[in-house]
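Morning, everyone. Today's topic is aromatic rings and how they pair up. Let's bring up the structure.

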Amino acid sequence: MAEDGLIAGILDGLSLRSAAFIVTIYGDVVLPRGGVLWTGTLIEICERVGINESLVRTAVSRLVAARRLKGERAGRRSYYRLDASAQKEFAEAATLLYAPDIPAHGWQILHAPALSEDDAHRLRMGHLGGQVYIRPDRGQPAPRGAVLFHATDPETLPALAGYWDLSALQTRYLDMLSRFAGLRDAGRLHGLSDADALVARLLLVHVYRNVLLRDPRLPATVLPPDWKGAEARDLFRALYRDLTPKAERHIAARFEGTDGLLTETTPESTTRLAGIA
């Protein structure tokens, strides 16, 4: 399969929303390199996945309105940086993606009268009934107004999985494994251009992030025996490491901020790479 075929295979049937993909670009590439990117660079990289200039400009306007990006000008050029309000959200997602996994120690039981259904879903909580929720205990702070209790593993441990819709997550993980199967061959990775390596890495991050941010990351003792989350994580880490040298060469060659081309590596990008090693 040729380079173009590899990227086309990843994109085949993938629902790629412009704003969400731009968020991926900022989170994976721009945030570790100062947080600012020239609009022309953004248009160029989005074109490689079939998102045209008009869609990019519309998506950027919406991200500005949502206070996730903030525009600035230097001469005749427009640049966009991450808005301060988006920094925390991006940092939390980066921790899940690139940092070593934190094992759970027991469970958090929360009585949270003020917690909306959407917020409970965003926080990947299981619903025990009424205003009571459960999640693996990784030392997370309780939401405002919630009463937090700590619990050890119950005797009927596997039954806890029923408080989450794992079937939907399993489907997403299976799709990811299938979609990126063509990149597992080291010979094919070797044949990718620097630009295609970056596109492949961005798509990898985009697809994996969209399922990881919905995954409660239950302990293995609770999960079904055929669970694909760990396999997907291993694939993400392996491919991210293998794609990074070429991807970062392309960043240094083509990605522009207000001070010129972005640097190939930074202390933060190096820390991320070490975190998934």
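Start with Trp227. Is Trp227 buried or exposed? Its relative accessible area is 14%, and the cut-off for buried is under 20%, so Trp227 counts as buried. Keep in mind that this is a predicted model.

Now the partner, Tyr173. Tyr173 is buried too, with a relative accessible area of 1%.

How many aromatic pairs are there in total? The count is 5. Take Tyr173 with Trp227. Their ring centres are 5.6 Å apart, and the planes meet at 85°. Planes over 60 degrees apart count as edge-to-face, so this pair is edge-to-face.

Where do these two residues sit? Tyr173 is in helix α7, residues 166–179. Trp227 is in the loop between α9 and α10. The pair therefore ties together parts that are 54 residues apart in sequence.

Next pair: Phe236 and Tyr240. Their ring centres are 5.6 Å apart, with planes at 40°. That angle is neither under 30 nor over 60 degrees, so the pair is tilted.

Both residues belong to helix α10. They are 4 residues apart, which means about one helical turn separates them. Phe236 is buried, at 0% relative accessibility. Tyr240 is buried as well, at 3%.

Which residues do ring pairs link into a cluster? Tyr98, Tyr208, Phe236 and Tyr240.

One last contact, this time with a charge. The charged end of Arg77 sits over the ring of Trp38. The distance to the ring centre is 3.6 Å.

That's my part. Thanks for listening.

Definitions and conventions: Residues numbered from 1 in each chain as written. Predicted model: local features only at pLDDT ≥ 70, side-chain atom pairs only at ≥ 80, totals over all residues. Heavy atoms only, no water. Phe/Tyr/Trp six-rings, centres within 6.5 Å; stacked < 30°, edge-to-face > 60°. Buried < 20%, exposed > 50% of the residue type's maximum accessible area, 1.4 Å probe, protein only. Lys NZ or Arg CZ within 6 Å of the ring centre and 35° of its normal.
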